[in-house]
Amino acid sequence: MKTSKTSALQNGFRILLGIFMLLAGIGHLTFQRAEFQAQVPGWLPFSKDSVVLLSGLVEIALGLAMVFWTKQKVNVGLALALFYVLIFPGNIAQYVNGTNAFGLDSDQARLIRLFFQPVLILWALWSTGGLSYWRHRQTAAAE
């Protein structure tokens, strides 16, 4: 995939999201481990701790890629967006099961959290030029 040209604003938001992902990954492996375990759906065939550790490593890798792997930023943005889609069942499980974690201690707070996931997906795609790259490919394919 080619790199899509991005503005200084997009690059700033890409780096900011990468830093957030790095911090979340570190939290998975250390001080927020129990909070993240509370979000792992019970139906997964793996231990909650294993899921948290693995997803933390993936978040660190994606965070580093968002910040430093600029030649592949479109691919990285697509990978991060896919990651957000894959972890969404954990957010749904937290809401459905009424699990308190990260200060989300009411159904209303947990429901609002669900609507933030699409924002993260769009942020990953927009800040890496993935949205404009995809639109350009769709237009080229239609011609």
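This report describes the fold, the helices and some individual residues of a predicted model.

## Overall architecture

The protein in this predicted model contains six helices and zero strands, and reading along the sequence gives the pattern α-α-α-α-α-α. Taken along the principal axes, the C-alpha atoms fill a box of roughly 50 × 30 × 30 Å.

Of the 143 residues of the protein, 36% count as buried. When contacts between residues at least 6 apart in sequence are considered, 74% of them join residues that are at least 24 apart.

## Helices α1 and α3

Helix α1, which covers residues 8-29, has 22 residues and reaches 32 Å from its first C-alpha to its last, close to the 32 Å expected at 1.5 Å a residue. Its buried residues are Q10, R14, L17, G18, M21, L22, A24, G25, G27 and H28, and what covers them includes α2, α3, α4 and α5.

Helix α3, which covers residues 48-68, has 21 residues, and its span of 30 Å from first C-alpha to last is close to the 30 Å expected at 1.5 Å a residue. In this helix V52, S55, G56, E59, L62, G63, A65, M66 and V67 are buried, and the elements covering them include α1, α2 (33-37), α4 and α5. As a general point, an α-helix has 3.6 residues a turn, so residues three or four places apart point the same way.

## Where α1 meets α3

G25 is placed in helix α1 and, because its relative accessibility is 0%, counts as buried. Leaving aside neighbours within four places in sequence, G25 is in contact with G56, E59 and I60, and of these G56 and E59 appear among the buried residues of α3. The C-alpha atoms of G25 and E59 are separated by 4.9 Å, although the two residues lie 34 residues apart along the chain.

L64, which lies in helix α3, is partly exposed, with a relative accessible area of 39%. Apart from neighbours within four places in sequence, L64 is in contact with L22 and W69, and L22 is one of the buried residues of α1. The C-alpha atoms of L64 and L111, which are 47 residues apart along the chain, are separated by 30 Å.

## The pairing of α4 and α5

The axes of helix α4 (residues 73-97) and helix α5 (residues 107-127) come within 8 Å and cross at roughly 175 degrees. Because an angle over 145 degrees counts as roughly antiparallel, α4 is roughly antiparallel to α5. On the α4 side, the contact is made by G77, L78, L80, A81, Y84, V85, I87, F88, N91, I92, Q94 and Y95, while α5 contributes D107, R110, L111, R113, L114, Q117, L120, I121, A124 and L125. By class, this contact has 15 nonpolar, four polar and three charged residues.

N91, found in helix α4, is buried, with a relative accessible area of 4%. Not counting residues up to four places away in sequence, N91 touches Q39, R113, L114 and Q117, and R113, L114 and Q117 are among the residues that α5 gives to its contact with α4. L82 is also found in helix α4 but is partly exposed, with a relative accessible area of 48%. L82 and L64 are 18 residues apart in sequence and 16 Å apart in space, C-alpha to C-alpha.

## The nonpolar core

The largest nonpolar core has 15 residues, and those with the most contacts inside it are L17, L80, F83 and Y84. The elements that give two or more residues to this core are α1, α3, α4 and α5.

Y84 offers a view of how these helices meet, as it touches L17, M21, Q117, L120, I121 and A124, not counting residues up to four places away in sequence. Of these partners, L17 and M21 are among the buried residues of α1, whereas Q117, L120, I121 and A124 are among the α5 residues that make the contact with α4.

Conventions:
Residues numbered from 1 in each chain as written. Predicted model: local features only at pLDDT ≥ 70, side-chain atom pairs only at ≥ 80, totals over all residues. Heavy atoms only, no water. Axes fitted to C-alpha atoms, helices over the stretch in contact; angles between N-to-C directions. Helix = DSSP H or I, 4+ residues; strand = E, 2+ residues; numbered from the N terminus. Parallel < 35°, antiparallel > 145°, perpendicular 65-115°, else oblique. Contact = heavy atoms within 4.5 Å. Nonpolar A, V, L, I, M, F, W, Y, C, P; charged D, E, K, R; others polar. Core = buried A, V, L, I, M, F, W, Y, C linked by side-chain atoms within 4.5 Å. Buried < 20%, exposed > 50% of the residue type's maximum accessible area, 1.4 Å probe, protein only. Expected span 1.5 Å × (residues − 1).
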